[in-house]
Amino acid sequence: ETEAIFTQVTAINQAADAAHDVLRISMDAKAVVKIGPFARGGKPRLQVHAADHDFAADATVTPVGIFLPTMGELFVYGVISKVTSDCLVDRLAQWWETVRERFAHITTLVINLDNGPENQSRRTQFMQRMVAFVQHTHLTVRLAYYPPYHSKYNPIERCWGILENHW
């Protein structure tokens with residue numbers, strides 16, 4: 001069954017990438033990142049004053065990202081509240097408002113998602129907010145979920161590893 005789902009998501013992605021009026025995006029939230037004077041053992045070019053242990057963080061932020069795989073573009077939002085269904089759809093709406101003129105020809109969004117707790121299709125709040133997003137933007141939205149334990153195939157996951165090298 002997992003292989004059939006993965007094959008279906010791959011077909012959806014290929015069709016989206018081939019259509020001129022469809023935009024495929026990949027969306028996910030990363031684990032909380034601590035903010036503070038922490039040393040990572042690297043070789044900086046400048047003298048950096050850092051704590052020698054991971055004491056309490058000055059703050060925390062959760063990266064929420066939207067990645068456009070066919071264009072290689074990444075949009076990252078730093079969220080200081082808990083990442084919920086509302087938070088994810090709010091970031092989607094915020095992103096769309098910034099790019100909608102550029103993508104005026106787009107009629108359909110295909111959104112690659114994992115089966116995270118805040119964006120499952122069984123989550124009524126997530127689906128209710130997505131319906132409101134569709135009604136507001138007049139876009140068709142197709143949610144393409146990767147099978148459980150296969151989120152590593154979601155294109156945005158490759159971005160997180162690169163960003164972690166710089167945090």
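Reader: Leaving aside its neighbours within four places in sequence, which residues is Thr 62 in contact with?
Author: First, a caveat: this is a predicted model, in which local features need pLDDT of at least 70, side-chain atom pairs count only at pLDDT 80 or more, and totals for chains, interfaces and linings use all residues. Residues are numbered from 1 along each chain as its sequence is written, and side-chain values use heavy atoms, with hydrogens and water left out. Contact means heavy atoms within 4.5 Å. By that rule, Thr 62 touches Ala 29, Lys 30, Val 32, Tyr 77, Gly 78, Val 79 and Val 83.

Reader: Is Thr 62 buried or exposed?
Author: Thr 62 sits in strand β3, residues 59–68; helices (H or I, at least four residues) and strands (E, at least two) are DSSP runs numbered from the N terminus. Buried means under 20% relative accessible area, exposed over 50% and partly exposed in between, with a 1.4 Å probe and protein chains only. Thr 62 has 8% relative accessibility, so it counts as buried.

Reader: How many of the ten residues of β3 are buried?
Author: β3 is largely enclosed by the rest of the structure. That description holds because the buried residues of β3 number seven.

Reader: Which strand pairs with β3 over seven bridges?
Author: Two strands pair if DSSP finds at least two bridges between them. β3 pairs in the antiparallel sense with β1 (residues 22–29) over four bridges and with β2 (residues 33–35) over three. The antiparallel partner with seven bridges is β4, residues 73–79.

Reader: Which residue in β4 is the bridge partner of Phe 67?
Author: Phe 67 also has a bridge partner in Ser 26, while elsewhere in β3, Thr 60 stands opposite Lys 34. In β4, the partner of Phe 67 is Leu 74.

Reader: Which residue in the turn between β3 and β4 has a positive phi?
Author: β3 and β4 form a hairpin with four residues between them. In that turn, a positive phi of about 65° belongs to Gly 72.

Reader: Which element gives the most residues to the largest nonpolar core?
Author: A nonpolar core is a set of buried Ala, Val, Leu, Ile, Met, Phe, Trp, Tyr and Cys residues joined through side-chain atoms within 4.5 Å. The largest one has 28 residues, and those with the most contacts inside it are Ile 66, Leu 92, Trp 95, Trp 96 and Leu 109. Two or more residues come from each of β1, β3, β4, α2 (85–99), β5 (108–113) and α3 (124–137). The top contributor, with seven residues, is α2.

Reader: What does Trp 96 contact, leaving aside neighbours within four places in sequence?
Author: Trp 96 is one of the residues with the most contacts inside the largest core. Its partners outside that local window are Phe 103, Ile 106, Leu 109, Phe 133, Thr 137 and Leu 139.

Reader: Within what arc do the buried residues of α3 fall?
Author: The residues in question are Phe 126, Met 130, Phe 133 and Thr 137. Seen down the axis of α3, they line one face of the helix. The arc is that of the directions from the helix axis to the C-beta atoms, and for these buried residues it is 55°.

Reader: Which elements do the buried residues of α3 pack against?
Author: The other side of α3 has the exposed residues Thr 124, Gln 128, Gln 135 and His 136. On the buried side, the packing partners are α2, β5 and β6 (140–145).

Reader: How far apart are the end C-alpha atoms of α1?
Author: The expected span of a helix is 1.5 Å times one less than its number of residues. α1 has 17 residues and should span 24 Å. The model agrees, with the end C-alpha atoms apart by 24 Å.

Reader: Which residues does Asn 13 touch, not counting those up to four places away in sequence?
Author: Asn 13 is found in α1, residues 2–18, and is buried with a relative accessible area of 8%. The other buried residues of α1 are Val 9, Ile 12 and Ala 16, and the cover over the buried residues includes β1, β5 and β6. Asn 13 itself touches Arg 24, Val 110, Asn 112 and Tyr 146.

Reader: What percentage of the 167 residues of the chain count as buried?
Author: The chain has four helices and six strands, running α-β-β-β-β-α-β-α-β-α from the N terminus on. Of its 167 residues, the buried share is 37%.
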